[in-house]
Amino acid sequence: MAVYHLGHHPNYPELFHSLITEPPKLLAFDTEVVSLDNRKLLGVGVAISGGEGFYVPVDEPRFLSILALARDSSIQKIYHNAPFDLRVLRPHQVDCSNVDDTAFMLRLLGLPASLDEAAISVGREAQTAKSLMESHKVHTMDKLPQSELANKCINDAQVTYLLYEKYKDLVSPSYYAMERRLIPRLEDMSQVGVKLDTDRIEELYQHYNREYAWYLTQCQGMGFNPGSPQQVGYILAERENFLPFTKSKKQLSTDESHLRRLSDPVARLVLLYRHTAKLLNTYIIPLRGKDRAYTTFHMEALTGRISSTSAGKGNPDRNLMNIPKKTDLAQAAIPTIRSAFLPDHNEWTIADFSQIELRILAYLSRDQRMLSIFQSPDGDFHGVTASEMRIPRDFAKIFNFAMIYGGNEYTVATNAGMSDVALAKKYMLRWMTTYPQAAQWMMVQKIEGIRNGYVESLLGRKMPIPTEQGRAHAEHCCINFPIQCTAGEIFKMAIQECSNLADSFRLIVHDEMDLSGHHQMSDALAHLTDIYTPVGVEYRARWG
DNA sequence: AATCATTGCCC
DNA sequence: GTACGGGCAATGATTC
């Protein structure tokens, strides 16, 4: 068992000793785990500079000395993708308040954030875990020769150190500071979790399990597995139902929108099965018998939005940003899954930025009519759009969102339940005359975004436009990215604005903050930027 | 065992 | 006949 060294220092035991006894103010860290699915910690690497560093396996006695460095809040610790490493290191109670993240820096400059790609910009090479495992013909990192693992880990930490030196002065200080301060907020929230109503989840389980078993038995009696789209397509075609082929032309489309149109009771049966299977397998069973629900919050999205993941298999974390709002349209008597999420105090404070994306579109495009609607304190944007366009409010809502996402007449027609595609197109043109500056902004976004290869948000985050998925997709990204990113920026500022309530934060869901207990939300949230972003606040005993 | 394909939940 | 942006994850089918 040993401490591994990578560098040119002639007397590395002495260097290690001085690292421990007189630690520098700035260190770069990297962790190694078994695999993405099994995030058992194998060891930690630390770089003192771009050229010197050490790796210590977890079972080496001196691992404690390395931990002491990671725990020391007076040391500035650089990670590449800090939320990942901090999740792995969570059981060791490392400090996450004085943490820098070089992946954040690269992302907000619009540069590739993967370490192997970024390494080139500092004249180094970093091998991906995948390629290293392939070259050694192993499937998990613990099967690598330990010296190989150590070298990779130290090298990654050194590259991280170099990336920090290179990019720290290139990023916008205020923007980067905002993201940096989120690291401990997200880690704290991930760690605390949300209280669950165990009894209610058990009730849900009993109810849906009975339904599920019944639907499954019926399908099996007919000789097919309702969980297999292939078999569902086959049996429905056999019963003389018409279904189109999927994109890949390999099987028939059996998604909800298609099956709903069929009058065949088997189609209905499959939909009922899928609904119960989804609720059970994805939400109810994983939470059954648990006192709390946990997640890991990330900031790796293209647009800088926060996302929620399970962070690998075999840990209790799960995505808490996609918990269903409704359980069953027909049976209102069945409680929702969200209602099993409880505050630790007597009630929830649920704060939600209302229609923030449309407000951002209005601001970015300076559309006069949109702005004037949003200026009035309780202006109903969808309602006004409806009357301006002389269409029902539900239609107006669909059009408004389709414009943000870059929808075309076909998708709009589908969403609105309109059979007349030409009419949908006519309404889209009417939307563009109703909000002419918004329409013009979208056009300019497309042209400039495609020409530059990237678009920018309100606060100046650069987002590369993806090219692999075709021109139409790229154009939609040119419109949607700045809107979605700016919404994320305002939301991240909001978390910061509420730092006095940090201990009460339990969940965040894109434009909603859920706090345990009764809290007054700051009026400043409506004016975090030049965009007026009012917040609706509700107090409830249960979530959802 | 890994990857693709399909489906579906959230904003 | 016609691609609506961003996430995460479960399942089955296919491939290695």
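**Exercise 1.** Which residue in strand 16 does isoleucine 508 stand opposite?

*Solution.* The structure is a predicted model. Begin with the strands concerned: strand 15 covers residues 505-508, and strand 16 covers residues 512-516. The two run antiparallel and are joined by three bridges. Within this pair, isoleucine 508 faces methionine 513 of strand 16.

**Exercise 2.** Determine the order of the strands in the open sheet and identify its edges.

*Solution.* The sheet has four strands, arranged 15-16-12-17 with antiparallel pairing. Strand 15 and strand 17 (535-540) each pair on one side only, which places them at the edges. From one strand to the next, the twist averages 20°.

**Exercise 3.** Compare the expected span of helix 20 with the distance between its end C-alpha atoms.

*Solution.* Helix 20 comprises 27 residues, 471-497. At 1.5 Å a residue, the helix should span 39 Å. Its end C-alpha atoms are 39 Å apart, so the two values agree. The helix nevertheless bends by about 35° at asparagine 480, with proline 482 following within four residues. Of its 27 residues, 21 are buried; therefore helix 20 is largely enclosed by the rest of the structure.

**Exercise 4.** Describe how the protein surrounds DNA strand C.

*Solution.* First, 30 residues surround this strand, and the closest include Ser310 and Tyr410. Next, helix 20 supplies the largest share of the nearby surface, six residues. One of its residues, glutamine 484, has a side-chain N or O atom 3.0 Å from a sugar or linking oxygen of DNA strand C. Finally, a polar side-chain atom of asparagine 225 lies 3.4 Å from a phosphate oxygen of DNA strand C.

Definitions and conventions
Residues are numbered from 1 along each chain as its sequence is written. Chains are lettered from A and ligands numbered from 1 in the order in which they are written. This is a predicted model: local features need pLDDT of at least 70, side-chain atom pairs count only at pLDDT 80 or more; totals for chains, interfaces and linings use all residues. Side-chain values use heavy atoms; hydrogens and water are left out. The expected span of a helix is 1.5 Å times one less than its number of residues. The bend at a residue is the angle between axes fitted to the seven residues ending there and the seven starting there. Buried means under 20% relative accessible area, exposed over 50%, partly exposed in between (1.4 Å probe, protein chains only). Two strands pair if DSSP finds at least two bridges between them. Axes are lines fitted to C-alpha atoms, for helices over the stretch in contact, and angles run from 0 to 180 degrees between N-to-C directions. A residue is near a molecule or strand if one of its heavy atoms lies within 4 Å of it. A polar contact is a pair of N or O atoms within 3.5 Å; within protein, one must be able to donate a hydrogen and the other to accept it, and residues adjacent in sequence count only if both atoms are side-chain atoms.
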